[in-house]
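Okay, thanks everyone, I'll keep this short. Let me put the structure up, and then we'll walk through the sheet.

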Amino acid sequence: MNHWQPQGTVYGTLLNFRREWDLWGSRMTQDPHKAAPQAPVLYVKSANTFNPGKVLVLQDGVKEVDIGASWGLVMGEQGHVEGVVLLNDWSVPHSSYFRPPVKFRCRDGYLGCGVPPVPLSALDLASLSITVQVNGQRVQTVHLSDVVRPMDRLLADVAEFMTLQAGDVLMLGTDVLETGQRPRARAGDTVCLMAPGFTPWVQTVQAEAA
């Protein structure tokens, strides 16, 4: 399998799944924002996070990581979506979105991105889902039908304040479990993401070398 990785900037989208939006609803009116966000809440996955390999290495004493199963829209010329890619947006567990999540999401290797994109025309977006397995056991199913902003609306809303370039990737977000947390993995765990039409993506979590 060819080990694909992004050629441009990767943008993640926060709070784009209905369950998490609803869980955060009562806190959106609190300080410092005092209201629900009107535009998409984005963050950057920097180039040091790109990890097309089979291993995620934990760093700096981190014991467990959130699994962030997501689809990414790979941009072509003139705002056209060239393809859709299956990604694992790893992050260190954290409880607040009130500060940019750089230290949680932008660690080395924290974007699993080895599966080549699938042409948009080959997919039925309305029925897409991702099954997340840890050590062969299903721990989550992510349904694209549960997003707050579907693909076309997300692209339009983002275009109001920034231009996506060819090679950029816009992730549609990651969902949470009923507890409000994302599935988690520890050193020794093997995580597999599976979605119809995509090659399964498997990575193993390893502890940092002593």
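So, this is a predicted model, and I want to start with the open sheet: 5 strands, running in the order β4-β14-β13-β9-β10, with mixed pairing. Which strands stand at the edges? Those are β4, residues 55-57, and β10, residues 137-143; each has a single partner strand, so one side of each is left without a neighbour in the sheet. Going from one strand to the next, the twist averages 20°.

Quick reminder on the chemistry: strands of a sheet pair through backbone hydrogen bonds, and that can be parallel or antiparallel.

Now look at β13, residues 190-194. On one side β13 pairs with β14, residues 201-206, in the antiparallel sense over 4 bridges. If you want a specific spot to click on, leucine 193 has tryptophan 201 in β14 as its bridge partner. These two strands form a hairpin with 6 residues between them. In that turn, have a look at glycine 197, where phi is positive, about 90°.

β13 also pairs with β9, residues 129-134, again antiparallel and over 4 bridges. Here the bridge partners to find are threonine 131 and, in β13, methionine 194.

Okay, zooming out to the whole protein. DSSP-wise we have 3 helices and 14 strands. How much of the protein is buried? Of the 210 residues, 49% are. For contacts with a separation of 6 or more, 75% come from residues 24 or more positions apart. And the accessible surface is about 10,000 Å², with 50% of that belonging to carbon and sulfur atoms.

Conventions:
Residues numbered from 1 in each chain as written. Predicted model: local features only at pLDDT ≥ 70, side-chain atom pairs only at ≥ 80, totals over all residues. Heavy atoms only, no water. Pairing = 2+ DSSP bridges. Axes fitted to C-alpha atoms, helices over the stretch in contact; angles between N-to-C directions. Buried < 20%, exposed > 50% of the residue type's maximum accessible area, 1.4 Å probe, protein only. Contact = heavy atoms within 4.5 Å. Areas by Shrake-Rupley, 256 points an atom, 1.4 Å probe, with all protein chains shown as cover.
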